[in-house]
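Dear colleague,

I am handing over the structure below, and after it I set out what was found. Please read the notes with the model open beside you.

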Amino acid sequence: MANDNKGWDPSQLRKCDLEFEEIPRFVYNDPRVDEFISENKPVVILGSKLAKAAEKWTLDYLEKNMGNGDFTVFLSKNHKFKYYDDKKSMLKSNSDFIPPTKKLDMKLPEFIKRLREWKKGDDRLYLQQGLNNTVGPAIVHDFLNFDWNFCTSKQSKHNWGPLTSNLLLIGMEGNVTPCHYDEQQNLFAQVHGYKRCILFPPDQFDCLYPHPVHHPHDRQSMVDFDKPDYSRFPKFREARGCETVIGPGEVLYIPMYWWHHIESLMRGSYTVTVNFWYKGGPNGTVTYPLKGHQKVAVMRNVEKMLLDVLQDPKEIPPLLRAMVLGRYT
Ligand SMILES: CCC[C@@H](CC(=O)O)C(=O)C(=O)O
Ligand SMILES: [Zn+2]
């Protein structure tokens with residue numbers, strides 16, 4: 001991958017068995033940006049002022065101005081912060097589920113102190129907090145100075161639904177959010193430090209082996225990218241993805257349903273990102289054959305319906321096997 005950006009070096013990336021295409025990068029007013037977004041394809045948007053007002057959000061500035069609210073911080077025994085659904089983890093059928101991370105409410109000064117005093121062997125930390133009105137006035141001022149015209153113009157031009165949240169992400173170097181997909185459009189604005197983003201289209205569902213929909217790790221890939229188990233997940237070898245490293249001021253459009261693995265480069269500093277999650281828009285006229293993301297939505301509905309009627313998740317595999325093996329294969 002090209003590292004013409006002065007700010008990072010391939011030695012700061014984690015090793016990965018797969019090779020990837022580069023995600024294209026265009027200046028924000030290049031018409032190809034909207035061409036890619038309209039085709040639900042990832043694109044890096046350069047030179048936008050989307051979250052420029054946050055470029056002064058250093059840890060010192062945030063400590064002074066973030067207010068005295070509690071922030072959601074995840075702790076992990078390793079470098080992975082694999083998301084899990086709290087509610088699903090309480091289901092009887094998931095009683096053997098062990099959450100891979102601990103979720104705490106933490107004041108910002110404590111988070112920053114632990115970040116600064118972190119040493120090898122300590123739990124890693126990842127602050128992931130929706131920006132809301134508990135933040136201090138200076139942060140509100142900066143937030144209001146985001147380039148809302150830019151993102152709102154994308155939202156209306158591409159028929160996205162409403163903005164659901166802006167997550168503030170403050171991660172340690174080397175933190176990884178493992179491969180998963182979201183059911184929202186995402187303008188992922190990098191503010192401080194560098195993040196490597198590996199993306200796969202929705203039609204690679206069969207190469208990325210998502211957990212069952214009822215599982216707490218719904219939408220997350222079962223494949224450990226650090227040590228893929230090719231006997232359990234043979235088609236992972238065939239996964240074809242694209243990647244980019246984004247730095248301060250760069251925005252990655254992550255299309256809804258696209259798989260993404262995101263890591264903070266190991267270059268000696270924390271990372272800050274603000275994401276902009278939008279609900280998907282109305283489907284509009286459906287054309288056939290259905291697109292990859294629509295088939296994922298269909299498969300999700302089938303799994304939900306089967307669980308609804310069968311109640312016991314263990315009854316789903318034998319029923320699906322009876323339906324498919326020898327009949328549709
Ligand atoms: C909780 C959100 C984490 C983020 C990835 C990352 O920056 O580590 C992501 O997956 C997204 O913005 O969709
Ligand atoms: Zn995500």
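Leaving out residues up to four places away in sequence, Val73 touches Lys102, Lys103, Leu104, Met106, Phe111, Leu125, Tyr126 and Leu127. Before going further, please keep in mind that this is a predicted model, and that every value in this message is computed from it.

Val73 belongs to strand 4, which runs over residues 70–76, and its relative accessible area is 0%, so it counts as buried. Its C-alpha atom is separated by 6.1 Å from that of Asp105, although the two residues are 32 residues apart along the chain. Ser76 also lies in strand 4, and with a relative accessible area of 1% Ser76 is likewise buried. The side chain of Ser76 reaches the backbone oxygen of Lys80 at 2.8 Å, and, if neighbours within four places in sequence are left aside, Ser76 is in contact with Phe81, Pro100, Thr101, Asp123 and Arg124.

The metal site comes next. Which protein atoms are the donors of the zinc ion, ligand 2? They are NE2 of His180, OD of Asp182 and NE2 of His260, lying 2.1 Å from the ion, and along the chain these donors follow the spacing H-x1-D-x77-H. His180 lies in strand 8 (residues 176–180) and His260 in strand 13 (residues 259–264), so the two histidines tie together parts of the chain that are 80 residues apart in sequence. Both are covered by protein: His180 is buried at a relative accessible area of 8%, and His260 is buried at 5%.

Ligand 1 has 14 residues around it, of which Tyr126, Thr177, His180, Asp182 and Lys195 come nearest. His180 and Asp182 thus appear in this list as well as among the zinc donors, and Tyr126 is also one of the residues that Val73 touches. As for polar contacts, an oxygen atom of ligand 1 lies 2.9 Å from a polar side-chain atom of Asp182, an oxygen atom of the ligand is 3.1 Å from a polar side-chain atom of Asn186, and an N or O atom in the side chain of Lys195 is 2.8 Å from an oxygen atom of ligand 1. Taken alone, ligand 1 exposes 370 Å², and the protein buries 93% of that area.

Turning to helix 8, how does the span expected for its 19 residues agree with the distance between its end C-alpha atoms? At 1.5 Å a residue, helix 8 (residues 292–310) should span 27 Å, and its end C-alpha atoms are 27 Å apart, so the two values agree. The buried residues in helix 8 are His293, Gln294, Val296, Arg300, Leu306 and Leu310, and what covers them includes helix 7 (205–208) and helix 9 (316–324). Arg300 is a charged residue to look at individually: it lies in helix 8, counts as buried at 5% relative accessibility, and touches Tyr181, Glu183, Val213, Asp218 and Arg219 when residues up to four places away in sequence are not counted.

Some points of backbone geometry also deserve your attention. Most residues other than glycine have a negative phi, and most peptide bonds are trans. Against that background, the peptide bond from Tyr288 to Pro289 is cis, with omega near 0 degrees, and Pro289 lies in the loop between strand 14 (271–279) and helix 8. Just after helix 8 comes Gln311, with a positive phi near 70 degrees. Asn40, in the loop between helix 1 (31–38) and strand 3 (43–46), has a positive phi near 50 degrees and is partly exposed, with a relative accessible area of 25%. Tyr257, in the loop between strand 12 (251–254) and strand 13, has a positive phi of about 75 degrees, but Tyr257 counts as buried, at 9% relative accessibility.

Finally, Glu243 is placed in strand 11 (residues 241–246) and is buried, with a relative accessible area of 6%. The C-alpha atoms of Glu243 and Glu19 are separated by 9.1 Å, while the residues themselves are 224 residues apart along the chain.

With best regards

Definitions and conventions
Residues numbered from 1 in each chain as written. Chains lettered and ligands numbered in written order. Heavy atoms only, no water. Helix = DSSP H or I, 4+ residues; strand = E, 2+ residues; numbered from the N terminus. Expected span 1.5 Å × (residues − 1). Buried < 20%, exposed > 50% of the residue type's maximum accessible area, 1.4 Å probe, protein only. Contact = heavy atoms within 4.5 Å. Donors = N, O, S within 2.8 Å, 3.2 Å for Na, K, Ca; no water. Near = heavy atom within 4 Å. Polar contact = N/O pair within 3.5 Å; in protein donor to acceptor, adjacent residues only side chain to side chain. Areas by Shrake-Rupley, 256 points an atom, 1.4 Å probe, with all protein chains shown as cover.
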